[in-house]
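Welcome, and thanks for taking a look at this one with me. Here are a few notes to read alongside the structure.

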Amino acid sequence: MQASVSSLSISHPNSTFPSNIRLCGLRQEALRIHSVSQLNKRESRRIRIVSRKSCLQKRLVSVSASASENCGPPKSFDYDLVIIGAGVGGHGAALHAVEKGLKTAIVEGDVVGGTCVNRGCVPSKALLAVSGRMRELQNEHHMKALGLQVAAAGYDRQAVADHANNLASKIRNNLTNSMRSLGVDILTGFGTILGPQKVKYGKVGFPNNVITAKDIIIATGSVPFVPRGIEVDGKTVITSDHALKLEVVPDWIAIVGSGYIGLEFSDVYTALGSEVTFIEALDLLMPGFDPEIGKLAQRVLIKPRKIDYHTGVFATKITPAKDGKPVIIELTDAKTKEPKDTLEVDAALIATGRAPFTKGLGLENINVETQRGFVPVDERMRVLDANGNLVPHLYCIGDANGKMMLAHAASAQGISVVEQVTGRDHVLNHLSIPAACFTHPEISMVGLTEPQAKEKAEKEGFEISIAKTSFKANTKALAENEGEGLAKLIYRPDSGEILGVHIFGMHAADLIHEASNAIALGTRVQDIKFAVHAHPTLSEVLDELFKSAKINASVTEPVGEPVAV
Amino acid sequence: MSHLLQTTFVPATSPSLRRPLTRTTHYPTRALHIQSKIREIFMPALSSTMTEGKIVSWIKSEGEKLSKGDSVVVVESDKADMDVESFYDGYLAAIMVDEGLSAPVGAPIALLAESEEEIAAALAQISSSSSAAPAPDPAPAPATAPDSSTSNDGPGAITGVSSASVSENFSSRSSVANGAMGSSVHPASEGGKRVVASPYAKKLAKEFGLDLRGLVGSGPNGRVVAKDVEAAVAAAAAAKVSASGAALASEITKPSGGGTAVDLGSVVPFTTMQNAVSRNMVESLSVPTFRVGYTITTDALDALYKKIKSKGVTMTAMLAKATALALVKHPIVNSSCRDGKSFTHNSNINIAVAVAIDGGLITPVLQDADKIDIYSLSRKWKELVDKARAKQLQPHEYNTGTFTLSNLGMFGVDRFDAILPPGTGAIMAVGASQPTLVGTKDGRIGLKNQMQVNVTADHRVIYGADLAAFLQTLAKIIEDPKDLTL
């Protein structure tokens, strides 16, 4: 890819007409010389700078040029980088692109901020902040233990909903302003890829604008996934999009799916007085979490709360409430496919995951076929076409590629792409990306779970060890009367490499970064255990965790190359 | 028809008294009861806490023709006024409960005749049964199979059944209740074969070992919700205390007989509540208890009571306070032994006091009775009693007692003995304070007000000397009650 970038850069100032043919030919060649591309890196970067200047000079002319040309890559570009989708991924990419000196535009068909800011992480944190406090104030026992006396705590639903909404608009404005002030063009309308390096955008009913860009990043994100048979009416059968508006707090809500989204909402709803029934297709609640953490989390987050659950069942049919009838949920056994039970509840929240939002992107124009809606990419987020070949100058980041459906992963991928298009090869290590679930207490993790690590160890023939520490031994946690919690380290005793860290306990989401940074930088357990932590802080949980790990004394050489970030 | 209810604590559970569990009746049949072709309209249970309803107004008048679905009467429950509809065509033959009057849930309030000719027969029936229960057939009617056409084919089938049976009575009455409560029945309960209960209700039921089947819910569509479970548990708890001989006031004030006739010779399975009582009573047998009695002179207490009565102080609060103050000096009497291997020194002195409320008995708890002044304690007590009457006590307000007081003095009972409620260390039975002729140590004879108290305690942790010392302290406090008002 580096090679193809450099050769294209050379072609611009010359503006040779049959650049299309040259590009194709070069791209094939580029694949062949891929192994030596690293050697050309420095050279290519120098050439890049030249090309960028030429781009800027040609910008005015190119507008008319691009309008007249309907196919083939244009000779010069309106932008160095166009990002389709102004979510957290697109925003992260845009900011980094500006820092790298790229002329950048971002196309957004809805509102800036995408799912995370408007319908996801951000407003849900506002609700969880409320639920955390409610939970604390309602916990008489806890309050008494601290010597506090609190009269019956109550809440105003609309005010809580407003808090979430206000937070979303505040963050949205911050995002918009940060991009505007840096000179990122925010183009309104749905973006469609017309051909290589060419994007059309516009609102429905308005004339389309066509722009060209040297590189394009698809960052269109995802929408809530609703399985077949489920009728979402937005009132009684809802997705996270509706739930975050908190228009009602139902007495009894069924949550389909017990992953992050479902868990967080169960935390919110039970704190606000709802009773919750989980419906999980797998045999265990909280799939995807490390089993040990999941078990403990269940003991703390599910058992003592007004929650029951059905596992190993699909919600095959959900009918919204109408005509005085409640929401009816038909459960089917996941294995035998036989009807198992019927629930009638006041509301149902569909939290079965998210589906990529890639329709109408014009992928067919460049011969890209989505896989279950996801845009196929390689480890450098370069889009692959139907034949498995790289599509030049086209990248896809975030939920739309499905690699790791997390806002900060999208942003990291975006930064990685910008690094590449500005001439520095970069591969993102997804195992160093932390994830967090903001229940009370929180759950966080980075790297492999214990079963995953075991499988890898077996395959590759190494040993793994587990170290654990409890929050019960931590001064700060005990001072807060929040001793419930566990931190778990999965590592290689032979090399000291950290394979995974899982935390369940107070502020786990903030604590994980010491571990994720260690994984990202390749820090070994035997090195990090000498790092000093302030006393008394929750971070000492990790300090103790690292100190309790036993590394074979013979290890002296470092863990190979630190993983690049 | 109130005899069929036997004054249950939670009226809505009454339909389950004798019906097989599989028939929780979820057909929107209203007001039907077959007595030849004259049906009774019953007072419906419009909520789980409703025990009786007041007739706000009769929409139809006697002799008027009714069509299926017509509103016949407006009933005021503890929650709202609601229209009660007829599920049958016919004539409103006779109104048995006039406007402004109340009737217990399940009692007939009117008769419905199928034809005009039968109005006279209906009227005759009323006069013959002379207001007391026109009990159709005293036998429990096992002949009516649970899956008879009655419940499966809906109301239409009933019309053809000529012999009235007790079970039909029940199904019809509960149908009235369900129909009135939420216009639609459980869509998925398959005629009551399964329990529709909220997650928390299920959790609570499991915790309390309560069988949810047979419990009629007050939630949307008849769903069993947490408060239904709490009510059922409270009923069971109350019954437990009542059965422990603590205070049988309810039975005394409402003697069985008169309006509450029993089907003689019939075998009646336990209700959920009775099951809970039974379990608790059997459990109490595993606790080795003993009793110590004491006679206490109450002249000074009576005098103090007269003085501060105007400030809203109640005798119950004074007794609770005195007991709590004595317990402060004898913490062992406030302890409890749960596993037979260890015992707990309870950190708070929570005095549970048995109170008779209609249809049962409950033990509201005066928490920290030793720390709260007598005036606040009295106010708290009033509040608890009001809540108990409204059946709004929260679980912590009736199940956190560490020492129980039971007072039957108001009925003239001079001494009795109580069964120790499991999980607590001691219970004190308080008799009436009566003028007694006593000889004093200085050789005089005088009249003094005296009452007898009798403490039942768990001998695994509380020994005779403990109780004796405790009672001595209590007597001192009551005989010189100045500490009570501190």
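**Notes on charged pairs and on chain B**

1. A good place to start is Lys547(A), which forms a salt bridge with Asp543(A), their closest N and O atoms lying 2.8 Å apart. Please keep in mind that this is a predicted model. Both residues belong to helix α17 of chain A (residues 540-548), where they sit 4 residues apart, about one turn of the helix. Lys547(A) is partly exposed at 44% relative accessibility, whereas Asp543(A) is buried at 12%.

2. Next, have a look at Glu419(A) and Arg424(A), whose side chains meet in a salt bridge with an N to O distance of 2.4 Å. Glu419(A) is buried, with a relative accessible area of 7%, while Arg424(A) is partly exposed at 33%.

3. Chain B offers a pair too: Glu64(B) and Lys60(B) are joined by a salt bridge at 4.0 Å, N to O. Here Lys60(B) is buried, at 15% relative accessible area, and Glu64(B) is partly exposed, at 30%.

4. Which residues of chain A are linked in a network of salt bridges? They are Asp290(A), Glu292(A), Glu450(A), Lys454(A), Lys468(A) and Lys488(A). Over all chains, the count of salt bridges comes to 33.

5. Finally, a wider view of chain B, which has 13 helices and 19 strands. Of its 486 residues, 52% are buried. Among contacts between residues at least 6 apart in sequence, 68% join residues at least 24 apart. The accessible surface of chain B is about 20700 Å², and carbon and sulfur atoms account for 54% of it.

Note on methods: Residues are numbered from 1 along each chain as its sequence is written. Chains are lettered from A and ligands numbered from 1 in the order in which they are written. This is a predicted model: local features need pLDDT of at least 70, side-chain atom pairs count only at pLDDT 80 or more; totals for chains, interfaces and linings use all residues. Side-chain values use heavy atoms; hydrogens and water are left out. Helices (H or I, at least four residues) and strands (E, at least two) are DSSP runs, numbered from the N terminus. Buried means under 20% relative accessible area, exposed over 50%, partly exposed in between (1.4 Å probe, protein chains only). Contact means heavy atoms within 4.5 Å. Accessible areas come from the Shrake-Rupley method with a 1.4 Å probe; for residues, only the protein chains shown count as cover.
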